[in-house]
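Hi,

Here is the structure I promised to pass on. Have a look at it first, and then read on for what turned up.

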Amino acid sequence: MNTSWKEIDPIAAGLTAEGVTKLCDDGLAEATRLADLIRSHKDSPDTDLVWDVTFGVFDQMSVALHEASLVPHVMSMTHPDEAVRTAAMTCEPRVSEFTSALYMDDTIASVLKRAAAQLGTLPNPRGRLIEHTLRDYRRNGLDLPPEQRTRIKEINETLTKLCQSFEKNLAESTLAIDVDPASLEGLPVSYIENHPAQTNGKIRITTDTPDLVPFMRYSTDRASARELSRLSQNRARQENLPILDQILLLRKEKATLLGYATWADYVLECRMAKSPATVNAFLDRMHTGLAAHRETEFAEFLEEAKAAGIAEADGRVWGSDTLFLENRLRQKKFQLDSQALSEYFEVHAVQRGIMDIASRLYNILFVRIDPPVWHPDVEVYELRDPMSKPIGRIYLDLYPRENKFKHAAVMTLRETYQSEEGRVIPMASMVCNFPKSGASPALMDHEQVTTFFHEFGHLLHDVLSTCELASFAGTHVAWDFVEVPSQLFEEWAWTRETLDLFARHIKTDATIPEPMYQALIASRTFGEAIFTDRQIFLAKLDQAYHTRIPPLDTSAIVDELSPIYSPFTRLPDTCFQATFGHLTEYDAAYYSYQWALSIAFDIRTRFLKEGMMN
């Protein structure tokens, strides 16, 4: 990699197996050159160890490693060509290997420690980089004996490959059921039109989100809904359960080698929460505060299940019926017809609306451009300031397809920082699975609209960053703060002021009628206690997996915790944890969704007071 790399389009360069491999090669070569540059000062006098030849170079090394890994990661999750996905997956382990060796390099560590003493206390973000770098050397095993260092390195490399496999198995797992046309009773007309019968007269419904969620919410065929839910919770079961067991064992071994009681203790040292005790106290306070509301809510769900004839004789209500019952209750209690509401949320109109809102809030322009992309569905926009100067680039990969990442996420493609030539233009991708227009226009339910705002909040956080250092640019913040901008931006999906900017009826172009809007707002907190306890369950499961001593029976822990945090009955013979992709990235930190939400709600008060478009 040479000094002109900032002018290279990393996507165009990484669209083939050979290209994505070269991106990795070039990035690692540049990182090696920079590491050698720091090592070259091992005999320099302390007075020569200025920022530009020590920590400044170290920050540039993080840029090089990102160039080696960010685009390959996205290609591994989204590219339709298996050869490219396979080649891309080889990059992350190589970067992990380099990083492990870097943090056990005595020469570089010595130079940086001497430089830190020479530089003294610097203002942030430079002072923060010094502090974090020295901390990370300790946390990555620099002070361990040689044989333990070697073991840490082996663990790091194995964990990277295991987490990759876990995610790949989920991305490539799509199960399906074949149902009679009558099973689509209750579903939107657009859904029915986009699901024609096969030659055998049956209709195929997959576990991909655009198929799964509407079927679970609207279909009156609850037996088929239960079977579809069972399949969804068993995706990649055979492959991922043993992988999860290995991941938990290796994380505990690494934590022990580094002197931590558990993996959660190791992870949380660098978070706002600091310790598992703080996390559990936070979650327990929330759970206790929700108890009365949850019981009241479930009593309504149970009565509705009885009225619908889907409650078990002993009073059990299947978890697969939650969305169905919630939808019925919203219609009864608040006269909210979610299908009628979805007619105001055509997917392209929602996209335009979100961009319009972001343009007004941040005084930016979104200009459609046509660079090379990994799939024809991908749309690319350049963000420009009022003087038409480029400030960022976003790639929107919004619709499902075979072998693609199954959920919703923002994935960085290039970090920003302040170089000698000025601010490097950041790039990020938004990868989702929203409904795609087919025989009929694609309509989104309001929950999907909220998800669109959420992910776009991450996108803006990434590409509007102006941080001096790449190490702290974009979403490189404390992990339990990272969800704040995204969860805050969800609020723009709820206010009349902002909905009227884009929510128009698919046929009449009318805005949402006031009674329907009031029903939406009135219903907003309905079921919130049950939903929040579900999030607490996931956070508690994550904490249990990373605080208890493995080997663990991961299914037994799900069985233990589920009834504490959910009044609904889990489907038997399911292994939800094998599909819980956040375990690979949010390990011991899933609680951060609720932690960040409390911060986002606090920030929200200013907008509620002064206007959402202020």
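How many bridges join β6 to β9, and do they run parallel or antiparallel? Five bridges join the two strands, and the pairing is antiparallel. Before going further, bear in mind that this is a predicted model.

**The sheet**

β6 and β9 belong to an open sheet of five strands, in the order β3-β4-β5-β9-β6, and the pairing in it is mixed. At the edges sit β3 (365–369) and β6 (409–414), each of which pairs on one side only. On average, neighbouring strands here are turned by 25° against each other, ignoring direction.

For the other partner of β9, look at β5: five bridges join β5 (residues 390–397) to β9 (residues 427–431), and these two run parallel. A428 in β9 makes a handy landmark, since I394 stands opposite A428, and T412 stands opposite A428 too. As background, strands of a sheet pair through backbone hydrogen bonds, either parallel or antiparallel.

You might expect an edge strand to be open to solvent, but five of the six residues of β6 are buried, so β6 is largely enclosed by the rest of the structure.

**Helices on the sheet**

Helix α3 (residues 55–78) lies across β5, β6 and β9, and runs at about 140° to β6. Helix α18 (residues 446–463) also packs on the sheet, where it touches β3, β4 (379–384), β5, β6 and β9. The direction of α18 makes about 170° with that of β9.

**The cores**

The largest nonpolar core has 63 residues, and F345, F366, I394 and F456 have the most contacts inside it. α18 gives the most to this core, with seven residues. If you want one residue to start from, try F366: beyond its neighbours within four places in sequence, its contacts include M355, A358, Y381, L383, I394, F456 and L460. There is also a second, separate core of 53 residues, with L162, F537, A539 and Y586 among them.

**Two acidic residues to compare**

E379 is found in strand β4. E379 has a relative accessible area of 13%, which is under the 20% cut-off, so E379 counts as buried. Setting aside sequence neighbours within four places, E379 is in contact with Q351, R368, I394, Y395 and L396.

D143 lies in the loop between α7 (126–139) and α8 (146–171). With a relative accessibility of 59%, D143 counts as exposed. Not counting residues up to four places away in sequence, D143 touches K113 and R138. D143 and L258 are 115 residues apart in sequence, yet 8.9 Å apart in space, C-alpha to C-alpha.

**The chain as a whole**

The protein chain has 25 helices and nine strands. For 614 residues, a compact globule would have a radius of gyration near 25 Å, and the chain agrees with that, at 25 Å. The C-alpha trace spans about 80 × 55 × 55 Å along its principal axes. Of the 614 residues, 58% count as buried. The chain exposes about 25,300 Å², with carbon and sulfur atoms supplying 53% of that area. Finally, among contacts between residues at least 6 apart in sequence, 75% join residues at least 24 apart.

Cheers

Terms used: Residues are numbered from 1 along each chain as its sequence is written. This is a predicted model: local features need pLDDT of at least 70, side-chain atom pairs count only at pLDDT 80 or more; totals for chains, interfaces and linings use all residues. Side-chain values use heavy atoms; hydrogens and water are left out. Two strands pair if DSSP finds at least two bridges between them. Helices (H or I, at least four residues) and strands (E, at least two) are DSSP runs, numbered from the N terminus. Axes are lines fitted to C-alpha atoms, for helices over the stretch in contact, and angles run from 0 to 180 degrees between N-to-C directions. Contact means heavy atoms within 4.5 Å. The radius of gyration is taken over C-alpha atoms; the globule rule is 2.2 Å times the number of residues to the power 0.38. Buried means under 20% relative accessible area, exposed over 50%, partly exposed in between (1.4 Å probe, protein chains only). Accessible areas come from the Shrake-Rupley method with a 1.4 Å probe; for residues, only the protein chains shown count as cover. A nonpolar core is a set of buried Ala, Val, Leu, Ile, Met, Phe, Trp, Tyr and Cys residues joined through side-chain atoms within 4.5 Å.
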